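Ready for some practice in reading a protein model? Keep the structure open while you work, and try each exercise before you look at its solution.

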Amino acid sequence: MTKQWSPQQQEIFKEFAHGTSKIVVVEARAGTGKTTTILEALDHAPEQDIVCCAFNKDIAEELKHRIKNPRAQAKTLHSLGNSFIYGRWGRTQIDSARGLRVAQAAVEQVSRCKDPARDVVKAVADIVSKVKGIAPLTEDVERVMEIAIGFDLQPTADMVDDQEQPYTVEDFAKFALRALTLACEKDGSIDFDDMIFLPVRLGWARPRHDLVVVDEAQDMNEAQLLLAQRVCSGRLVIVGDPRQGIYGFRGADTASFEWFKGELGGKVLKLTVTYRCPKAVVREAQAIVQDFEAAPSAPEGFVGDLDSKALVTAAQPGNFILSRSNAPLVSVCLKLLREGKRAVVRGKKDVGASLLKLVEKLRARDLPGLMKKLDAWKERTLKTLRAQKDVSESKIEFVLDQAETIRELAEGFSSVSELKARMDTLFSDNNIGNSVVCSSVHKAKGLEAEKVFVLASTLYPGKRRDIEEQNIHYVAVTRAKATLILVEGRKF
């Protein structure tokens, strides 16, 4: 049976086949069949060398199996960048410890400190990693300081040099700039960040592909987008949904869509008809994104409210429970477990790992000591953030959420080791189909479930209504394929 393509999809196929615009921006709303549409569009493209740039390796592998055009290939931007490194440096070893070695050398050279403390080196290495993605071309100390403060990568009171003088944020920024320079020197190895950073920073990336398609562009940082632009010798197609841009706190460049459309004059095409969400859910989402549409054949579905006390009884394995922040999820998950229901908090590799890292960083001997140090860390970090110009509120919320999540996890325990054990078992990314999945909206992006509960009271913290908070709301409700339940009603 021949697939019936929508007018919007046909317009995209026409542009791929006959379009003359050098830059095309495809704005694809949630569940609109973006990937299926782009794969079909590739079959219409006349170019001889086509590359579809994927956000990560898993997506690239999926695309490889689904692409039919023999002139097209799927690659991650990291593999694309690595090919330029190979052309300049030959075969290099991928070494995750390179960043630490380079950071240590930078600290030693700039501060003349012969044996810098490991926590100083680690903080500088983390700053360098962030700068490589967010501002790969910068040589400005002030810009690096902004990034260090924004990601809470600042010196603590116990970080001192050989003369027992405390380090400053400016010191760390200078170390990081030196490390960026050292990272550009050939030593036989590279790390994961270098795969994109080096070809951009050193100008190695050159036009190579006739047609470059960038998927999930709203989640990509400046370095990734610059690499994609520089490898393109013909047409560049930017695909994604700027209204699903919710990773600004990690450096994702959501403003890129406006840049490609405005300054570069990209032609805009849209996919606004969702094939995931029922009509009732679409009406809910239209309060945030007005051009979101239900497919004509979509079922009615259901949107309702629920009291938080009834949530534990109502939630069943396979359902999602979504929250703006992680702390409320921990509380809900523990209640589900006490009722004998299988439940997990999604995010072992990053959420659970980052919390464990913070606990270890505070180096407390017991839980009372940990809580005291946690409060001090929170106040110190918030004070520094709030002193910044134009600080992102999402960064402040992130700090508050980390502190509150650790407090929730520590409830009922008497030792730090017990807390760490809970962190290890409660967070999971595997076998989630047989559990109630408690997830932040950020971790649920790209996923869907028949029934979704949204902890509505966690949306719009502090009554903020900025665009990223609206995007989080939109992503949350559009995970539902049939039923959407707003817990505690519309308290936003």
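**Exercise 1. List the buried residues of helix 1, then find what covers them.**

*Solution.* Start with the list: in helix 1, Gln9, Ile12, Phe13, Glu15, Phe16 and Ala17 are buried. A word of care before going on: this is a predicted model. Next, look at the surroundings of those buried residues: the elements covering them include strand 1 (23-28), helix 2, strand 6, strand 7 (232-240) and strand 8 (267-271). Finally, check the helix's length: helix 1 has twelve residues and spans 16 Å from its first C-alpha to its last, close to the 16 Å expected at 1.5 Å a residue.

**Exercise 2. Describe how helix 1 and helix 2 cross.**

*Solution.* Step one is the geometry: the axes of helix 1 (residues 7-18) and helix 2 (residues 34-42) come within 9 Å and cross at roughly 35 degrees. Step two is the hand, and this crossing of helix 1 and helix 2 is right-handed. Step three is the contact itself: helix 1 brings Gln9, Ile12, Phe13 and Phe16, while helix 2 brings Thr37, Ile38, Glu40, Ala41 and Leu42.

**Exercise 3. How are helix 6 and helix 7 oriented: roughly parallel or roughly perpendicular?**

*Solution.* Begin with the numbers: helix 6 and helix 7 pack at an angle of about 115 degrees, and their axes are 10 Å apart. Angles of 65 to 115 degrees count as roughly perpendicular, so helix 6 is roughly perpendicular to helix 7. The residues that meet are Ile127, Lys130, Val131 and Ile134 of helix 6 and Arg143, Val144, Ile147 and Ala148 of helix 7. As for the hand, the crossing of helix 6 and helix 7 is right-handed. To finish, look at burial in helix 7: Val144, Met145, Ile147, Ala148, Ile149 and Gly150 are its buried residues.

**Exercise 4. Find the largest nonpolar core and the helix that gives the largest share of it.**

*Solution.* First, the core: the largest one has 108 residues, and those with the most contacts inside it are Phe172, Ile321, Leu336, Leu370, Ile406 and Leu419. Its largest share, ten residues, comes from helix 8 (residues 169-183). Apart from this core lies another, of 29 residues, including Val282, Val441, Ala444 and Val452.

Now zoom in on helix 8. Its 15 residues reach 21 Å from the first C-alpha to the last, close to the 21 Å expected at 1.5 Å a residue. Buried in helix 8 are Val169, Phe172, Ala173, Phe175, Ala176, Leu177, Ala179, Leu180, Leu182 and Ala183. The partners of these buried residues are helix 4 (77-89), helix 5 (98-111), helix 6 (118-134), helix 7 (141-150) and helix 9 (194-201).

Last, pick Leu370 and list its contacts: setting aside residues up to four places away in sequence, Leu370 touches Val359, Leu362, Ala364, Ile406 and Leu419.

**Exercise 5. Decide for Asp210 and Ser323 whether each is buried, partly exposed or exposed.**

*Solution.* Take Asp210, which is in strand 6 (residues 209-214). Its relative accessibility is 27%, so Asp210 counts as partly exposed. Beyond its neighbours within four places in sequence, Asp210 contacts Glu47, Gln48, Asp49, Ser233, Gly234 and Arg235. Asp210 also lies 10 Å from Ala45, C-alpha to C-alpha, although 165 residues separate them in sequence.

Turn to Ser323 in strand 12 (residues 320-323). Buried means under 20%, so at 1% relative accessibility Ser323 counts as buried. Leaving out neighbours within four places in sequence, Ser323 is in contact with Pro328, Leu329, Ser439, Ser440, Val441, Leu455 and Thr458. Ser323 and Val441 are 118 residues apart in sequence, yet 5.8 Å apart in space, C-alpha to C-alpha.

**Exercise 6. Locate Glu216, Arg363 and Asp152, and give the phi of each.**

*Solution.* Recall the background: most residues other than glycine have a negative phi. Glu216, in the loop between strand 6 and helix 10 (222-230), has a positive phi near 55 degrees. Arg363 sits in the loop between helix 15 (348-362) and helix 16 (367-386), and its phi is positive too, near 50 degrees. With a relative accessible area of 53%, Arg363 is exposed. Asp152 comes just after helix 7 and takes a positive phi of about 55 degrees.

Note on methods: Residues numbered from 1 in each chain as written. Predicted model: local features only at pLDDT ≥ 70, side-chain atom pairs only at ≥ 80, totals over all residues. Heavy atoms only, no water. Core = buried A, V, L, I, M, F, W, Y, C linked by side-chain atoms within 4.5 Å. Buried < 20%, exposed > 50% of the residue type's maximum accessible area, 1.4 Å probe, protein only. Helix = DSSP H or I, 4+ residues; strand = E, 2+ residues; numbered from the N terminus. Contact = heavy atoms within 4.5 Å. Expected span 1.5 Å × (residues − 1). Axes fitted to C-alpha atoms, helices over the stretch in contact; angles between N-to-C directions. Parallel < 35°, antiparallel > 145°, perpendicular 65-115°, else oblique. Left-handed = near helix turned anticlockwise from the far one by under 90°.
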